[in-house]
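The exercises below are meant to be worked through with the sequence and the structure side by side. Try each task before reading its solution.

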Amino acid sequence: MRVAIVGGGVVGMACAFALLDVADELEVLDAGPVGGGASAGNTGWVTPSLSTPLAAPGVLRQGLRSAFDPRGALVIRPSLDPAWIGWLIRFARSSRPAAYRHGVAALLELSSRTLDELDRMAAAGVSFEEHRDGVLVVARDREGLHWFEKVFDELVPLGFPGRLERMSGDDARRLEPALGPVVGCATRTDIDRHVAPESLVAGLADHARAHGVAIREGARVSALRRANGGWALDGDSGEAARADVVVLASALGTAELVRPLGLRLPLVGAKGYSVTLPLPEGLPTMPLYLCEPKIGTSPYAGTLRIAGFFELGARDGAPSARRARQLVEETQPYLREPLAPPTDAPEGWAGFRPATPDSLPLLGPVPGAPGVIVATGHGMLGVTLAPATGAAVAALARGERPAWLAPLDPARFGR
């Protein structure tokens, strides 16, 4: 079986790893450098405890209220574009309590498989930076923590194996001495991990190359067409590859590739921001989620990454020095020691994450196009769900149709 993967981010490379046992020939094509998209600037959290839909009761109202707030953490920009209006209508429907509970269960089915798959990568010799400290969720008071504990309480009845450790501000400071006096309470998850996302993508790419996978950077795929019982992948200068199975993991670009096949995917770009700072002694040694500003931090070997904000309807993906400063300014009150300025780009990083109206990935075959598999739409959960997505894609390539994938069907929004 010849398999071609379009997209070399964390999802595409996780698919490549899982398909090593399935494909006779395997290649990955990416329009840019491997890992150069949304995989490059996130916190690298692998957090089943936080794997719940953004499409939740009250979120649409909150996002629209911040539509014109230049400092809003969750922002939904207005537009008269009919496609955007249609997306928001679907988002609103998916935010109803029953639909939200359905989404929680669907994401748990996927996220519950991801830690085992991440361990399988490490056992196979994939080299990457990983930390198993859980996540420390901190707030100024209990009201700030309420939303997180409510989400966790919805996971437990569905069989979620993780646990929470609730603690006072003083207990949190004993666990993480970098926290400042403003922290009044905290909750620690025990099951979650974080990785340096660039190292995971690079490690998967090195492993794939060592096993004979051709990884072609700067190879944009513009169209698919049937050819001799399989598929031809056309690029800017003609045919780029042929395959029996094509996995489309190219984030927002996937929608353009499947439209000629009769499938319309309601994907929009959700813009996020991050800044990476030096990590001197006295700054956090475990990942933090700051409830009030909705900011996450991840310590790596020598650096601290701060990430946050979720903008739907953003006009472009350019970084913002203003937003980078805001990340640092809103993180600083929670820490005891001052944060150093960024050593590299002061404007930080920004990028689009592919978001669906129900906050569930698009994962499954394209109807009427045998051999074409979609694997995109992971939103803010790309790193968390990538290992499990790879395993699911490998099962689909073998001809299996796991029942738990049904809620993630790419055709669920209609054709």
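**Exercise 1. Place Leu408 in the chain, decide whether Leu408 is buried or exposed, and list what Leu408 touches.**

Solution. Begin with the position along the chain: Leu408 lies in the segment after helix H11, in a model that is predicted. Next, take the accessibility, for which the cut-off for a buried residue is under 20% relative accessible area. Leu408 has a relative accessibility of 0%, and therefore counts as buried. Then look for the contacts, leaving aside residues up to four places away in sequence: Leu408 touches Ala106, Leu110, Leu360, Pro361, Leu362 and Leu363. Finally, compare with a residue from another part of the chain: Ser49 is 359 residues apart from Leu408 along the chain, and the C-alpha atoms of the two are separated by 19 Å.

**Exercise 2. Check the length of helix H4 against its number of residues, and find which of its residues are buried and what covers them.**

Solution. The first step is the count, since helix H4 runs over residues 97-111 and so has 15 residues. At 1.5 Å a residue the expected span is 21 Å, and because the end C-alpha atoms are 21 Å apart, the expectation and the model agree. The second step is to pick out the buried residues of H4, which are Tyr100, Gly103, Val104, Ala106, Leu107, Leu108, Leu110 and Ser111. Two of these, Ala106 and Leu110, are among the residues that Leu408 touches. The third step is to see what lies over the buried residues of H4, and the cover includes helix H3 (82-94), helix H5 (114-123), helix H6 (142-155), strand E20 (362-365) and helix H11 (382-397). As a last step, take Ser111 alone: with a relative accessible area of 2%, Ser111 is buried, and beyond its neighbours up to four places away in sequence, Ser111 touches Pro48, Ser51 and Leu385.

**Exercise 3. Describe the second largest pocket by its volume and its lining.**

Solution. Start from the volume, which for the second largest pocket is about 440 Å³. Of the 23 residues in its lining, Ala83, Trp84, Pro266, Leu267 and Val268 are the closest to its centre. Now sort the lining by element: H3 and strand E15 (268-278) each supply at least two residues, and H3 gives the most, with five residues. Sorting by class instead, the lining has 12 nonpolar, five polar and six charged residues.

**Exercise 4. Work out how strand E12 is paired on each hand, and how many of its residues are buried.**

Solution. Strand E12 covers residues 230-235, and six of its six residues are buried. Take the pairing with strand E11 (residues 221-227) first: E11 and E12 run antiparallel over six bridges, and one of the partnerships joins Arg226 to Trp231 in E12. The hairpin of E11 and E12 has two residues between the strands, and here Asn228 takes a positive phi near 55 degrees. Then take the pairing with strand E13 (residues 238-243), where five bridges join the antiparallel strands E12 and E13. In that pairing, Gly235 has Gly238 of E13 as its bridge partner, and E12 and E13 likewise form a hairpin with two residues between them.

**Exercise 5. In the open sheet with the order E3-E9-E5, find which strands stand at the edges.**

Solution. The sheet has three strands, with antiparallel pairing. Strand E3 (45-46) and strand E5 (130-131) each have a single partner strand, so one side of each is left without a neighbour in the sheet, and these are the edges. To follow one pairing in detail, note that two bridges join E3 to strand E9 (residues 193-195), and that Val46 has Arg193 in E9 as its bridge partner.

**Exercise 6. Establish whether Val28 is buried or exposed, and say which residues Val28 touches.**

Solution. Val28 lies in strand E2 (residues 25-30), and its relative accessible area of 0% means that Val28 is buried. Leaving out residues up to four places away in sequence, Val28 touches Ile5, Gly7, Gly8, Met13, Ala16, Val213, Ala214, Ile215 and Arg216. Met13 and Ala16 are among the buried residues of helix H1, a helix (residues 10-19) in which 10 of 10 residues are buried.

Definitions and conventions:
Residues are numbered from 1 along each chain as its sequence is written. This is a predicted model: local features need pLDDT of at least 70, side-chain atom pairs count only at pLDDT 80 or more; totals for chains, interfaces and linings use all residues. Side-chain values use heavy atoms; hydrogens and water are left out. Helices (H or I, at least four residues) and strands (E, at least two) are DSSP runs, numbered from the N terminus. The expected span of a helix is 1.5 Å times one less than its number of residues. Buried means under 20% relative accessible area, exposed over 50%, partly exposed in between (1.4 Å probe, protein chains only). Contact means heavy atoms within 4.5 Å. On a 1 Å grid over the protein atoms alone, a cavity is a set of points where a 1.4 Å probe fits but cannot get out, and a pocket is an open set with protein on both sides within 12 Å along at least five of seven lines; lining residues have an atom within 4 Å of a point. Grid points are joined across faces, edges and corners, and a volume is the space filled by probe spheres set on the points. Ala, Val, Leu, Ile, Met, Phe, Trp, Tyr, Cys and Pro count as nonpolar, Asp, Glu, Lys and Arg as charged, and the others, Gly among them, as polar. Two strands pair if DSSP finds at least two bridges between them.
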